[in-house]
Amino acid sequence: MRLSALFLLALPLSLLAQTPSASQPLPNGLQVTASGVTVQITALRDDVLRVRATHTATLPEDASWAVLPAARTASVPVVAEPNGFHTAALKVSLDSTLRLIVSDLAGRVLQQDAEPITWHNTGFRIAKQKDPADHFFGLGDKPGPLDRAGQSFTMWNTDSFGFQESTDPIYKSIPFFINLRSGRALGVLFDNTWRTYFDFGHQDPNQYTFTAPNGPADYYLLYGPTPKQVVETYAWLTGPTPLPPLWSLGFQQSRYSYTPETKVIEIADRLRADHIPADAIYLDIDYQEKNRPFTVDAVTFPHFSQMVQDLAKKNFHTIVITDLHIAKLPNAGYAPYDSGTAGDHFVKNPDGSTYVGPVWPGPSVFPDFTRKASRDWWGTLYKGFAGQGVAGFWNDMNEPAVFTYPTKTMPDNIQHRIDEPGFQPRTATHLEIHNIFGMENSRGTYEGLLALQPNQRPFVLTRASYAGGQRYAATWTGDNSSTWNHLRMTVPQIVNLGLSGFAMSGADVGGFAGSPSPDLLTKWLEVAAFQPIDRDHAAKGTRDHEPWVDGPAHLAIRRRYIEERYRLMPYLYTVTEEMSRTGLPIDRPLFLEFPNATTDGHPLDLDAGSEFLFGPSLLIAPNPSPEEVAPYEVHLPPGVWYDYWTGDKLDRRTQTGVRDLEIRDAVVPNKPILVTPTLADLPVYVREGTILPIAPLTQSTSEKPAGPLTLRVYSGQNCAGDIYQDDGISFAFRSASFYRVHLTCSENPDGTLALHIGAPEGTFKPWWNQLRIEAYGWTPKSKQATTNQGTRPLQQSGKAWALTIPATSAATDLTLR
C-alpha cells in the first residue's frame with residue numbers, strides 16, 4: 001500500500017484520545033502537548049516562524065544541512081495571547097486539536113492547518129487549507145508550468161536522462177515553495193531530507209500537503225508580504241549564492257566530449273576566429289584515463305597542463321568534470337582510491353564493508369560526504385588541477401547515480417557515518433542522506449578549492465543538490481533534450497530555481513539528448529543569452545552544437561545575441577552582485593517586481609506565457625510556443641516600457657505607442673501586444689526609469705573594453721540605477737576593493753531631464769574613463785546639457801539624445817535641456 005494511502009487511513013492522534021493539553025509559553029513562542037503530540041512554534045524574526053512537532057517524548061535533534069546556524073538559532077521576543085502569541089508582523093494560534101493558524105496583524109489568514117498533523121508510525125502528513133486563489137512557486141527545477149498549483153511532486157534526487165515535462169522526480173530536491181495568495185506571499189521550507197512528497201491540490205483541491213516517511217516534522221514559515229521579501233528572507237535562512245567569478249557569466253562551450261586535446265584547441269581557435277565571444281570550455285569524462293576521476297588520459301591529452309595554459313592565454317577558462325565515484329583500483333597506484341581507503345572515507349554496507357557500485361569507471365566507491373574529514377580529504381584531490389590552472393569544476397552524477405536498476409542509486413540500507421559540526425555523531429541510512437549527498441559533494445569541492453586558493457572565487461557546477469546548496473555551487477537543469485518543448489521548459493525551470501535559492505543556473509543550450517534543428521539551436525541561443533549560465537552542451541552521438549555549424553546566416557543571429565550578452569555585462573554583473581547579497585535571482589518572474597500588476601492579485605506570469613525578467617529592468621518575451629509561426633501575445637506590466645532594440649516608447653497608460661518591428665496592435669492598458677515571430681528576433685523590453693549600463697563589445701570578460709561606458713537613461717517614474725565592478729576573480733571586494741555608483745534621474749516641470757551620478761564607493765578603479773549618456777523617451781528643447789564642467793551639445797543617436805563626459809571620482813550632476 002502506498003504511504004499516502006496509509007495516511008488517509010490513519011486518524012490524527014489528537015482525535016484518538018482527548019486528553020488535556022499542556023501549554024508552555026516560551027520567550028520566543030509556544031510549546032503545547034496534547035494526546036501525546038508536542039508542537040513547538042518559535043519566532044526567529046518577526047516575520048519568520050519555525051514549527052516543530054513530534055509524537056514521541058522529545059523533539060528531534062535540532063540540526064540542519066540547509067539552514068544556517070545563525071538563522072536557525074535566531075530569536076525574537078513574542079507577546080503571549082490566549083492559545084498563541086503575536087510578533088510585530090504575525091499572529092499565531094493553536095486550537096484544541098493543535099491545528100495551527102497564522103495570520104497577519106490585520107487578521108488576514110496566511111496559512112491554516114486543514115487537520116492536525118497526521119502520524120503513521122515514523123511517517124507524517126502536514127495538511128493546509130488551500131484557497132482557490134492560491135498559487136505555488138519554487139521546488140527547484142521540477143519540470144512543468146511555473147505555477148505548481150494542482151500538481152504533486154516527490155523529492156528524491158534522480159538521474160533522469162531524457163526527462164520530459166511530466167517526469168518526476170529529477171535531479172534536485174529543494175523543499176521550498178512560495179504560496180502567493182491575493183498579492184500576499186508566504187514561503188515554506190520543509191526541512192526534511194527523506195523522500196518527501198508535496199501535493200498542491202492534486203489529490204484534494206481544498207488542501208495542500210507535505211509528507212515524509214520518516215525524519216523530523218520541521219518547517220519554516222517566511223512572511224513577505226511581498227514575494228521579493230520572501231526570497232530575501234529565504235536567503236537569510238539558507239544563505240545566498242556567493243559572488244561568482246566574472247568569467248562564469250560569459251558564454252561557455254561544452255560537449256560530451258571534446259577529445260583529443262587538439263580538438264579542444266580547434267574549438268577555442270574557431271570561437272576566436274569567428275569572433276564569437278566566449279570565456280569557458282568544458283572537458284567531459286573522456287579527458288580522463290578510463291573515466292577515472294582526477295586522472296588525465298596521457299594518450300589523448302599528452303600536454304594537458306600546457307593546453308590549459310595555452311587556453312588561458314587566449315582568455316579561455318578550462319572547466320573539467322570530476323565525478324564523485326572513485327574507481328575501485330587497489331594496488332594500482334590510483335591515489336584517490338588509495339588515500340580514501342587509508343583515511344576510511346568511503347560509505348559502507350550494513351556489515352561494515354565498503355560499498356561498491358558500477359558507474360563510468362566500472363566498480364566504484366563513494367566518499368562519505370556527511371563526514372567533515374571526508375569532505376576535507378575530497379577537497380585535497382583538486383590540488384593538482386588547481387595548480388595547473390584549471391578554473392572550474394563540474395560535479396556530475398552526484399544524485400548519486402549508480403548503474404543499478406531500477407533504483408539508479410545506492411541501496412536504501414547503505415550506511416553514512418555522520419560526523420559533522422552541529423550534528424550528533426551517528427550512523428544514518430541512505431534513505432535519510434540521499435537527497436543531501438550531491439549538495440555535500442559540491443560543498444566538499446567548494447570548500448576544498450577555498451582551502452587551496454583562499455583568495456580566488458571557486459566556480460563549481462553541480463547537478464544534484466538540496467535546499468541551501470546554492471552556498472556551494474551553481475547548477476543546471478540536467479540532461480534535457482533537443483526539442484522545442486524543452487526550450488520552452490527552460491524558462492519556468494530556471495525561474496523556479498531562482499525562487500528556490502539557485503540564482504546561478506542554466507540549461508544545456510540546444511538540448512543535451514538529441515540533435516537540434518538549425519532553427520531550434522538558434523532560438524535557444526537567443527533565449528540563453530538572457531539566462532544566468534549560458535552553456536552550449538551536447539551528448540555523444542549528436543550533431544555538432546557550436547554556433548557556426550549551420551552556416552553564416554544562423555551564425556550571424558547567434559553571434560548577435562552572444563555579443564549582446566557581453567555588451568550587457570556591466571548590468572549582468574551588477575545584478576549578480578545584488579544576488580550575492582540579497583538572494584534575489586537574476587532571472588525573475590514578473591510577479592517578483594510587479595506583485596500588484598493584476599486587479600485580482602493573481603500573478604501576471606499566468607497571463608504572460610514564457611516572459612521573464614532579466615534582473616529588475618529587462619523583460620524578455622520569447623514565444624511560448626517557440627516552434628509556431630502564428631503571432632503571440634506579450635503582456636507588459638502596467639506603466640511605460642521601451643523596446644530594447646529600437647528605443648521605441650510603449651506607454652501602457654495610454655492608447656499610443658506602436659513598435660515598428662513586427663507588432664500589429666497598439667499598446668493599450670490591459671491589452672497584450674501581438675508579436676509575429678521571426679527567426680532573428682527576440683522581443684526585449686526595458687522598464688521605465690531604468691539607467692542601463694552598456695559596455696563596448698569584447699571577446700571575453702578578461703579583455704578590457706575599449707571606449708566609454710554607456711548609460712542608457714530610460715525616462716520614467718522612479719528613475720534609478722546602479723553600477724558595480726571589482727576585479728572579477730578575488731575576494732578583495734570584501735576589503736572595499738570594489739566600485740559602486742548609484743544613479744538617479746528625474747524629468748523636471750520645465751521639461752529638462754536631471755541626471756545625478758553619485759560619488760563612487762570603494763577603492764577599485766573601473767576600466768572606463770568616459771561616460772556616454774543616452775536619454776530615451778525624452779525630447780530636448782535647446783539640445784544642450786549642463787554639467788559640472790560646463791555646457792555641452794546633445795547629439796541625436798537613433799531614438800536617444802546623447803553626449804559623452806569624463807568619468808570622475810566625484811559626484812556629477814547633469815541637466816539635459
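Here is a short chat about burial, salt bridges and the largest pocket in this predicted model.

Me: Before we start, what are the ground rules for numbering and confidence?
Reply: Residues are numbered from 1 along each chain as its sequence is written, and side-chain values use heavy atoms, with hydrogens and water left out. Since the model is predicted, local features need pLDDT of at least 70 and side-chain atom pairs count only at pLDDT 80 or more, while totals for chains, interfaces and linings use all residues.

Me: Why is P205 called exposed?
Reply: Its relative accessibility is 54%. Exposed means over 50% relative accessible area, buried under 20%, and partly exposed in between (1.4 Å probe, protein chains only), so P205 counts as exposed. P205 is found in the loop between β16 (196–199) and β17 (207–212); strands here are DSSP runs of E, at least two residues, and helices are runs of H or I, at least four, numbered from the N terminus.

Me: What makes R426 and E432 a salt bridge?
Reply: The rule asks for a side-chain nitrogen of Lys or Arg within 4 Å of a carboxyl oxygen of Asp or Glu. For R426 and E432 the N to O distance is 2.6 Å, so the pair qualifies. R426 counts as partly exposed because its relative accessibility is 31%, whereas E432, at 13%, counts as buried.

Me: And how do you know that R588 and E593 are buried?
Reply: R588 has a relative accessible area of 0% and E593 has 11%, so both pass as buried. They also form a salt bridge, with the closest N and O atoms 2.6 Å apart.

Me: What makes D159, D396, E399, R463 and D479 a network?
Reply: These residues are linked by salt bridges. By the same rule, the count comes to 48 salt bridges.

Me: Why is the largest pocket called a pocket?
Reply: On a 1 Å grid over the protein atoms alone, a pocket is an open set of points with protein on both sides within 12 Å along at least five of seven lines, so being open is part of the name. About 610 Å³ of space lies in the largest one, a volume being the space filled by probe spheres set on the points, which are joined across faces, edges and corners. Of its 30 lining residues (an atom within 4 Å of a point), the closest to the centre are P616, S617, R687, T690 and A720.

Me: Which element supplies the largest share of that lining?
Reply: α14 does, with 6 residues; α14 spans 569–582.

Technical notes:
1 Å grid on protein atoms, 1.4 Å probe; cavity = no way out; pocket = protein on both sides within 12 Å on 5 of 7 lines; lining within 4 Å.
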